[in-house]
Amino acid sequence: MKQGKMKKVQGLFWTFLIMVCMAGIVRVSMEPIVCNAAQTEEIQAAIKLKKSSKQSKISVTVSELRKLKETEKVRIYVWNSTLGKEHGKWYTLTESAGVYGKTVSISKFKNAVGKYYVEAYLKKDTGEEIKLGRKTTTIAGISGGSVSFKNVDKDAGTCTVRISNLSSPAAITKVRVWVWSNANGTDDAKWYTAKKKGNYWTFNFSAMNHDYQSGKYKFRVKIWDERGVASYLRDKSKTISVNSKVSMKIKENSTQSKYTITVSNVRYSAQVQKVQVVVWSKNNGKDDKKTYTAVNKGNGTYTASVPISKHKDSGTYYAYTYVTLKGSSKKLVQKKTFNVTGISAKAVTFSYLNNENGSVQVNVSGVKSPAAIKKVEVRAYTSKNGTDDLVKSEAVNVNGVYKKNISVADHKYETGKYKIQVYITDSRGIVKKLSTKTLELECSQTYKNKTTFAGIDVSKFQQNIDWSKVKAAGIDFVIIRVGYRGYQYGTIAEDPYFETNIKGALAAGIDVGVYFFSQAVTEKEAREEAQWTMKKIAPYKITYPVVIDTEYVAGGRANAMTATQRTKVVNAFCEEVNKSGYTPMIYANKSWLENNLVMSALNQYDVWLARYASTPGYTGAYTIWQYSDTGTVDGITGYVDRNIGYKRYY
């Protein structure tokens with residue numbers, strides 16, 4: 001080829017190449033095309049990379065460049081070796097005092113760790129991109145880490161898992177562990193969150209969360225640091241043992257009225273439909289069976305409360321625990337016995353035997369029970385008539401001895417052999433029957449033919465009374481003040497000696513009636529007084545009348561009432577008493593009956609006449625005469641009102 005022609009061809013080639021470079025033709029890839037073929041200057045630059053203390057950021061500086069034009073830029077392309085170059089990012093550097101810099105956060109790269117590549121480029125005002133160089137740096141991830149197991153309980157299938165020896169440029173913020181049993185696979189997997197303690201992380205593992213599966217478990221640990229970097233440790237295996245035998249404990253409260261049955265180690269948590277405890281007493285047999293559904297307390301523990309009031313028996317009890325799993329029938333998993341202490345009594349004795357009136361006092365001493373004694377009941381019937389003649393009555397507690405008087409009068413004066421039984425009931429509903437006693441009771445014909453009866457009436461003014469002596473003194477009945485309405489403000493109050501008096505009199509075998517000192521000024525108030533009295537006497541055996549006492553009292557609120565008004569008040573009280581099944585009675589002196597009440601309107605009620613004279617002197621009907629307020633009776637200190645009864649009220 002001729003030299004002139006060769007020069008022409010070379011000129012055309014260089015012209016074409018320069019035109020291509022100036023046109024800025026680049027490939028599709030994000031990597032820049034650098035055209036250096038026409039470069040006439042040599043560009044030098046110093047590229048430096050610096051990691052932050054926690055290695056969450058990379059600071060890039062480019063220096064020692066020639067002074068750039070305003071339209072020229074320094075750019076970097078950054079990528080992580082794990083994510084690949086195709087996931088890199090472009091950044092434009094900012095100039096300060098001739099140094100171009102940029103801080104890159106690894107959060108922009110999904111917090112990836114490992115090697116980072118940084119390539120620097122100068123972008124000229126012509127669009128030409130000139131590569132200045134490449135630098136690399138390595139971001140450290142989370143390293144180290146070991147898993148250990150402490151406090152392994154081979155019965156409960158529990159342990160403490162500890163993750164230690166973790167290392168990272170940044171602080172560890174979270175540790176979670178994914179756990180599953182080999183037998184059930186990852187379908188059984190559960191996440192556990194560990195807590196930081198000192199220089200390690202820990203959590204409590206329980207096979208309960210995995211249906212108490214025994215065998216090998218896999219523990220996969222995932223760790224996060226404050227940069228958001230996450231890392232897994234190598235899977236750790238551990239064999240977990242679970243004791244599948246259900247245990248049962250029975251605990252009583254202080255009164256043995258309730259037993260708490262605790263069923264533990266029920267190792268089927270997700271499958272358990274219910275846990276039931278079946279309880280019955282040996283004495284009553286399986287007819288006494290009661291089923292109690294236990295309450296799930298967590299961690300395979302269930303409790304059931306068994307009130308003895310549902311069984312009402314002492315002695316040996318049986319408790320059987322059944323577990324019902326979903327989709328299957330219940331099965332017996334444990335059984336035990338426990339003992340309930342019953343009621344005992346030291347002795348049953350008899351005193352004050354009186355063949356004149358055919359009465360005997362029953363004394364029950366040394367009564368004991370873990371629970372409170374509710375009642376001591378005496379049952380009596382004649383051998384001749386049997387239980388058709390049965391009379392039940394409640395004994396009264398007098399200084400720890402339960403007393404009750406039995407009289408032939410309660411059995412139509414039948415004499416001969418009597419059967420006496422004592423039944424003791426406590427607050428649990430348990431009933432103890434003491435042995436049956438046989439007694440001979442006699443009654444004189446004189447007593448049977450008796451038409452008058454000796455009586456007294458008492459209140460707080462007699463204070464402490466020896467009722468046994470009163471009975472021995474021949475007193476047949478007593479009328480006890482139950483309460484009163486205040487004469488000024490109209491407030492109802494109980495006589496402070498009412499309970500003491502009524503319990504003592506009944507225990508001694510004396511017939512009892514009660515009276516209420518009224519200051520009612522309306523029929524409504526009178527009914528209120530009667531209803532209040534009914535509530536007070538309800539627990540006791542009242543054989544004599546329930547009496548309303550209306551009389552003058554200095555400053556009394558009822559003094560100004562007319563006879564007609566007072567008659568309506570008295571009638572209202574007596575109507576309420578009659579409705580309740582008691583015998584109503586009116587108490588007053590001769591003058592009061594004649595002048596302050598309209599007795600023709602009250603003649604359906606019995607009258608208790610007060611007149612302290614040798615003869616009653618009252619022409620109306622009456623059944624009790626209070627003939628003295630200065631009487632004396634053995635067992636009572638000071639004076640007491642004496643009465644004669646003309647009617648047998650039992």
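Buried residues are taken here as those under 20% relative accessible area, exposed ones as those over 50%, and partly exposed ones as those in between, with a 1.4 Å probe and protein chains only. By this rule Y540 is buried, with a relative accessible area of 15%. The structure is a predicted model, in which local features need pLDDT of at least 70 and side-chain atom pairs count only at pLDDT 80 or more, while totals for chains, interfaces and linings use all residues. Residues are numbered from 1 along each chain as its sequence is written, and side-chain values use heavy atoms, with hydrogens and water left out.

Two open sheets are a good place to start. Helices (H or I, at least four residues) and strands (E, at least two) are DSSP runs, numbered from the N terminus, and two strands pair if DSSP finds at least two bridges between them. One open sheet holds 4 strands in the order β4-β3-β7-β8, with antiparallel pairing. Its edges are β4 (89-92) and β8 (129-139); each has a single partner strand, so one side of each is left without a neighbour in the sheet. Neighbouring strands of this sheet are turned by 25° against each other on average, direction ignored; the axes are lines fitted to C-alpha atoms, for helices over the stretch in contact, and angles run from 0 to 180 degrees between N-to-C directions. Strand β7 (residues 114-123) is joined to β8 by 10 bridges, and the two run antiparallel. Within this pairing, G114 faces I139 in β8 as its opposite residue.

Another open sheet, also of 4 strands, follows the order β9-β10-β14-β13, and its pairing is antiparallel. Here β9 (143-153) and β13 (195-197) stand at the edges with a single partner strand each, so one side of each is left without a neighbour in the sheet. From one strand to the next, the twist averages 30°. An antiparallel pairing over 7 bridges connects strand β10 (residues 158-167) with strand β14 (residues 200-206), and S164 stands opposite Y200 in β14. Y200 also has a charged companion: the charged end of R162 sits over the ring of Y200, 3.9 Å from its centre. A charge counts as sitting over a ring if NZ of Lys or CZ of Arg is within 6 Å of the ring centre and within 35 degrees of the ring normal. K174 offers another such case, with its charged end over the ring of W224, 4.4 Å from the centre.

Aromatic contacts come next. Rings of Phe, Tyr and Trp (its six-membered ring) pair if their centres lie within 6.5 Å; planes under 30 degrees apart count as stacked, over 60 as edge-to-face and the rest as tilted. This rule gives a count of 25 aromatic pairs. One of them, between Y317 and F338, is stacked, at 5.3 Å centre to centre and 20° between the planes. Y317 belongs to strand β24 (residues 315-325) and F338 to strand β25 (residues 330-340), so the pair ties together parts that are 21 residues apart in sequence. Both Y317 and F338 are buried. F498 and Y540 make an edge-to-face pair, 6.1 Å centre to centre with 85° between the planes. This pair links distant parts of the chain, with F498 in helix α4 and Y540 in the loop between α5 and β39, 42 residues apart. F498 is buried, with a relative accessible area of 1%. Elsewhere, F149, Y192, F203, F205, Y217 and F219 form one aromatic cluster.

Helix α5 (residues 523-537) has 15 residues and spans 21 Å from its first C-alpha to its last, close to the 21 Å expected at 1.5 Å a residue; the expected span is 1.5 Å times one less than the number of residues. Its buried residues are E525, A526, E529, A530, T533, M534 and I537. They pack against β36 (477-485), β37 (492-494), α4 (498-507), β38 (511-517), β39 (546-549) and α6 (563-579), where contact means heavy atoms within 4.5 Å.

V478 lies in strand β36 and is buried, with a relative accessible area of 0%. Beyond its neighbours within four places in sequence, V478 is in contact with residues including I456, W467, A505 and V512. The C-alpha atoms of V478 and G455 are 5.3 Å apart, although 23 residues separate them along the chain.

Finally, 5 of the 6 residues of strand β43 (residues 640-645) are buried, so β43 is largely enclosed by the rest of the structure. Strand β35 (residues 453-458) pairs with β43 in the antiparallel sense over 5 bridges, with A454 opposite I644. Strand β42 (residues 624-631) likewise pairs with β43 in the antiparallel sense over 5 bridges, and there I624 has G645 as its bridge partner.
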